[in-house]
Structure formats: structure tokens, C-alpha cells
Amino acid sequence: MFCGKIHEVFNIIGGKLTRFRIEVRGIVQGVGFRPFVHRLVGRHKLAGWVRNSSGGAELELEGEEPELRGFLRELRDEAPPLAVIESVECRELSGAGGYEGFRIIGSDRGESMRTLVSPDVGICQDCLRELLDPSDRRYRYPFINCTNCGPRFTIIRSVPYDRAFTSMAEFPMCPDCAAEFADIENRRYHAQPDCCPVCGPRTFFMDAEGRRLPGDGIEAARRLIKGGGILCVKGLGGMHLACLAENEEAVRELRRRKHRDEKPFAVMCRDLDCARRLCEVSEAEARALSSFRRPIVLLDKRSRGELMHLSENNALGVMLPYTPLHVLLFGDDLDCLVMTSANLSDTPIVYKNAEALEKLRGLADGFLLHDREILTRCDDSLLRVYEGRDYPVRRSRGYVPYPITIKGLRPGMLSCGAEQKAGFCLSKEGHAFPSQHIGDLKNLETLDCYEEQLRHFAKLFDFEPVAVACDMHPDYLSTEVAERIAAERHIPLLRVQHHHAHMVSCMADNGLEGECLGLVWDGTGYGPDGTIWGAELLAGGARGFRRLGTMRPIPLPGGDAATKEIWRTAEALRYEAGLENNNGTIKKLLERGLNCPKSSGMGRLFDGVCALAGIRAECSYEGQGAVLLEAAADAGERGEYECAFYGEGGVTVFDWRPMVRQIASGGEAPGTVAAKFMNTLVSMAAAQCRSAAEQTGLRRVVLSGGVFQNMYLMARLPERLRAEGFEVFTHSRVSPNDEGVALGQLMILEAEYVSGGTA
Ligand code: ZN
Ligand code: ZN
Ligand code: FE
């Protein structure tokens, strides 16, 4: 993939050049880039050398000018799929090089090799063809891979990335594989996990009683699925539980066993055609689905109200097979399987064979396992396609541990993220490395996994923190980890306000510097005043922020209980708006202010309105109120409710009380209420931004926070702000939800560190 510019190249070789130096910046190591260069050089009869450098690769080449021109064009157009070329710079060298042919030489600094490790890569077209070719020696071999595909991050024990330091170490290559590995013309040249049926790992099937069946087990697994059973199948970064998606009874049984009553399941479709039968698939979505990263893509169902046993909202998470084993599991006759992470509510994904057989006993009716060990857990990534780009929800397999390039970023920064969607981030020169999705740290096993990954990343990237950042929330377990690291290493610790971090995360995501406005809507975050924030309009940048807008806080009767029993929040809205309450006990709590912590979290307003609209009184998973409200909304509804504000200490506060009175008195259909409510929020945001722009002169707005996973809002709010003359920026490299917070913390830490505040 080429995403940058070739600087001045053609001007420079416009003359009589015969020799020059080329610097390629980007991700070009361990992705088959040097063999690719070798092939191009042969094609154009050039001489010289190539070597890895800290920023990518360097070359010196000598040859005839038209050939050099062709080389550069092909370097750009035919780069290997896993390479990310950010720029190519070219400079003339005087005199003859005296090269003897073309050589691949050692790195300029051995250390630089450590900076980049490839993520896991979905099966490529070449391997897929061989997999299904009866004359190929890897016909139906579930571990076929090459330089362009296969496991990477999840099988690496330590660096350098070399078979000996992966879980392939226990499978010595047979002579045939070794010959391919050593041949620069071969598409398996230096493919560390290369293997075949003679020398590589094997699959096997274990039944529910733990008895191992003879053979590769694939047919047994297919029989189980076709019979309506639930299969545990080992993937790249962990185990999945799979069953036939169209078999409602099997899906219901899976929900029952997993204690997952309503939360949507993702499915794996055999191919794009199958995905198109279930959902609308745009060109950009088709590209995302089939990219080597093979994420789960949230697609709009063909029609509302369908496939409700899989997903209760208008979208369905769909992915395509990404390992050869998945392809064989589908065979010729399966179309669509539920594929859900094998774990018990909120614990990390199960990834070891023994662990699967023990913990998933009773959950799975059979196990399709293999003897290549997964060394690092990595869940499936989840994204939307928004305005033609990735809009990440969960950045994990296929992405991690690729860095996010941030010009000038200094090394040694570590940020510990939030808590419920935990993830850390560390920096090397010019690169931020976010961890994979880790989960909710309140679970002890997840916390262990978080700390283990911190150590693993530090080792992989040869990382020593010089400063550490965490959330301002005193009780987050990630805060505790950060405090411990700071104390042990005697390095400075910076506590970053949650929504400030969200905002700066979106700025970094878009490469914005200086100051801008940040509209940050989420469920909950600790404010510097000790109250809960979450519907914020901030102004500022990495160096600091001011709060310019928020919403009237909602008292939550019973505290945390109100996030599940959202009817409590609806009662609070009624009470505050001066309406009659339906529940006397709750009314008393509110009157006395007993156990009623106040929250300005936008997520809570969604909960309350969801219950007020009669859509749902209780939630079974986090964010369900907002999900159901979005699903219910009547897309054609243009109306809105009264949008009131009051000022408080220089902050424009959205007053939802008039809106609540209108909703309560209206007798409108739930779909109308949902749409009018969100339309009101769009107007509210526009009014707050207008007023903030008058005060600050800032016209750039970044949108961040979990609420912006709501596509009803995303289809309307940016458009509205643009119409009012704002420049709007949304996420495309990290998630708007709390997973993305670590990147913002990192940038704020760096700014503080540079200015000497933490030193
Ligand atoms: Zn391949
Ligand atoms: Zn072999
Ligand atoms: Fe948040």
C-alpha cells in the first residue's frame, strides 16, 4: 500500500542521473519488501544495495535513467500488500558506485530492527489457491502461509522476529520448506512461520468428554456444526465459539451457555456474496472486509428487524474467514457461522488448549484445536466504515502491534489508558504503539493480562519508560498500575482528565496540532472537580484545556444500579423536570439526594430517554440504552425538542428539562422520540460550538467519546457542523471509545514532558 508522496523524484531524475540514494519511510520490514526490491532491481538491471533503516529502508541504485524511473513507479504501485510506504525520498549521488550487482546488506543500526513487528495477516489469494489445489503439496493444509500472510504478533515470544523466537520453533522445517525459505525468488522467502504437512503443526478434534478423534478433525467439527452443535475453534489470537448462524435454536443455546442474552454476536461469512445476502455492503466496506486485517465490519442489515437472534440493532458485525482452517471449516456447504470470542462474561479470550478444554467444558460440544501455540491473546478487531475510512471500535488483531505514525513524537512515553476498555500505549521515535484490546480491568484475570502485555510490549519494542500518564480517576486499576511503575522507576506520573485525553486522541489521530474544539460525549469520566463528566465541549490541545460546554447533571438514584436499571434514570429526569414520579421509593431518594451521585455523562441521558420513550426499562449490557435508541430511531423524522441552555461559571450548560417535559407529555411513538431526541442533540452541539467559536475563534472540531459510535448522530452531526462553517475531524486510527484514551494521554504526557512540567 502506498499512502504518501514521492518527493520531487521525477524532477531529480529529469537530468542525466545514473546513481542515487533512496530513502523509503514507513513499514517495510518483515513484510517482504527487500525481496520485492530485489525482483524490481533484476527487472530493471540496476546495481547497488538495500538495507533496513530506523525509519524504513535505504537504497543506493545505479542504472539507466528510464529504468530507474520505471523502478520508482513500480516501487510505488506494486509494493507488497503488508508494506505501508509513507514517503520515498530520492537524492543524486556523484560519481560511479562501483557496485558488484545488487546486495541486501545489514541494517545501519541493529537496534532499529526491533521497532516493528507485523500484526497477524489473513490468508492471501495465492495461499488460498494452493490450499484448494489438489496437486499442491499443501492441499487442504490448515497452516499454509507465506511472506504476505499468516500468524505474526500472536506467535512471537521475543525479538528479533525469527522462527526460533516464535511458537513455530518446535517445528523444524523440512528440506522442501527450508529451500523455499532461503530462495529470494520464492514467495515464502524468509516467511518465518512457513511449514507444510510434513513438518508443521496439525489440527485435531476433541469431543465434549475430552476424547481425541483420529485424523485432522475438520470433518468431525463440520458435522458437529451442521448438527446444530457449538464448536470451539482455535483461531489466530484465541478461541472462538461457533455455530450455524441461521439455526436460531443453536444461537439461543449459545446465548444461554455464554450468559449473553442480548448483546449482538458477530458472524463469519464464507465470502462477500454471502455477506451481501445479509447486509448492505458498499465498495469501501467490501475492501475493509477483504483487507489482510480481516476485521469484523459493522454493516447495516438489508432490512430492519431481520436477524434479530444475532443482533438486536440495525447492524450486524461480519467478518470473512482469515485462517486456512476457517476456509476448510466452511467447506463447500456452510455459509454463515456465529463466531464469538470464547470466554465467560468479561474475562479475557481463552487461548490455550488446556485452558479451553477446562474452562469451556459445558460451553462447547466439541473442540477443533491444533498444536501451534498462541503466545499472545488478540481479539478480532471491530470497525465501521465511515465516510470511506475505517472508523475503529476495537483496534486489535490485524492492526496491533503496528504503530500509529506521529511526526516528531519522542520516545519513552507510556500511558495506561482507562479501565473498562483498557489499553495502554507507548512511544518510540515518531511512533505510538497502542496495545491490543484488553477488556475490563475490574476482572482480575484481565488485569493480569494487561500487566503481562505491558511487559511483553516493553520487551518487543525494547522500551524503557521515562514518564508515565494515567487517568485522573483515583480508583481506576490502570491508575494503580501507573502509580506503581512511576514509584518503582522514579519517573514522573501525569494524571490526565478523561475527556481531555479523548479530545487529544482524536487530534493525534488526525495529525492536528495547536488548539481546537473537542466535542466529547461518553458514558462516564472523572472530572477535575470530582464530579462525573461526559457531555463535554472543550477547547484546547495537548498543552491544556478549558471546559466551555456540558449538560445539566443527572442524579442517578442508586448509583451504579441506574446504569443497568435505566428506568431509575428516567425517574430522575422526570423528577428534575418537575413531573410526577412513578416510583415512590426513587422519589424519596431523589428528594433527599440519598445515594444519587450526579453525572453529566451523555450515555446516561440516552439511558434515561430510552426508558422514558418506553423502549426498554432495563439493560443487560453496557451501552444498550443508546444502542436500542439508535435502532428505534425513525430516520425520516426531522423534528426536534426544545433545546435550552443556562450559563454557569462561563460554561454553556444544556438544560434537558424542557425536552424531558415534551417527551413525557407527547405520547409519540418510540421511533419518533428517539429521532427527535438525537436531532435535539445535534442542534445542541451546533449551538455550543457556535458560542465556543465566538469566544475562542477556533473553527476546528474533533469528535470523540463512545457516544460517537452512534451512526444516527454521525450521519447528521458532522454534516451540520460543516454547514455552519466548522472543520470536523473524526477518528480513523484509534477508537472514539475509551480504548482510544491512551493515545491522548500519551500526547498530553509528551507535551508536558517537553515543557518540563513532569521532569
Ligand atoms: Zn499467503
Ligand atoms: Zn515442510
Ligand atoms: Fe470515555
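Ser53 is found in strand β3, which covers residues 47-53, and this is where the briefing starts. The model described here is a predicted one. From that strand the text moves to an open sheet of six strands, to an iron ion held by four protein side chains, to the pairing of strand β30 with β23, and to a few backbone features set in loops.

**Ser53 and its surroundings**

- Ser53 counts as buried because its relative accessibility is 7%, which falls under the 20% limit used for that term.
- Val28 lies 25 residues from Ser53 in sequence, and the C-alpha atoms of the two residues are 9.6 Å apart in space.

**The six-stranded open sheet**

- The strands of this open sheet follow the order β17-β20-β19-β18-β21-β22, and the pairing among them is mixed.
- The edges are formed by β17 (404-405) and β22 (493-496), each of which pairs on one side only.
- Within the sheet, strand β18 (residues 413-415) runs antiparallel to strand β19 (residues 425-428), and two bridges join them; Ser415 has Cys425 of β19 as its bridge partner.

**The iron site**

- The iron ion (ligand 3) has four protein donors, namely His498 through NE2, His502 through NE2, Asp522 through OD and Asp738 through OD, at distances of 2.0 to 2.2 Å.
- The angles among the four donor atoms range from 88 to 166°, and the site is classed as irregular; it cannot count as tetrahedral, because that would require all angles to lie between 85 and 135 degrees.
- For reference, the ideal angle at a metal with four tetrahedral donors is 109.5 degrees.
- Along the sequence, the donor residues are spaced H-x3-H-x19-D-x215-D.
- Two of these donors link distant parts of the chain, since His502 belongs to helix α14 (residues 498-509) whereas Asp738 sits in the loop between β31 (727-729) and α24 (741-754), 236 residues apart.
- His502 counts as buried because its relative accessibility is 0%, and Asp738 is likewise buried, with a relative accessible area of 14%.

**Strand β30 and its partners**

- Strand β30 (residues 700-704) is mostly covered, in that four of its five residues are buried.
- Strand β23 (residues 516-526) pairs with β30 in the parallel sense over four bridges, and one residue pair across these strands is Gly518 with Val702 of β30.
- Strand β31 also runs parallel to β30, to which three bridges join it, and here Val701 stands opposite Val728 in β31.

**Backbone features in loops**

- Most residues other than glycine have a negative phi, and most peptide bonds are trans; the residues below are set against that background.
- A cis peptide bond, with omega about 10°, joins Val400 and Pro401, and Pro401 is found in the loop between β16 (389-394) and β17.
- Asp462 has a positive phi, near 50°, although it is a residue other than glycine; it is found in the loop between α12 (444-460) and β21 (467-471).
- Asp462 is partly exposed, because its relative accessible area is 37% and the term applies between 20% and 50%.
- Asn595 also has a positive phi, near 45°, and lies in the loop between α17 (584-592) and β27 (598-599).

How values were computed. Residues numbered from 1 in each chain as written. Chains lettered and ligands numbered in written order. Predicted model: local features only at pLDDT ≥ 70, side-chain atom pairs only at ≥ 80, totals over all residues. Heavy atoms only, no water. Pairing = 2+ DSSP bridges. Donors = N, O, S within 2.8 Å, 3.2 Å for Na, K, Ca; no water. Tetrahedral: all angles 85-135°; square planar, octahedral: opposite > 155°, others 65-115°. Buried < 20%, exposed > 50% of the residue type's maximum accessible area, 1.4 Å probe, protein only.
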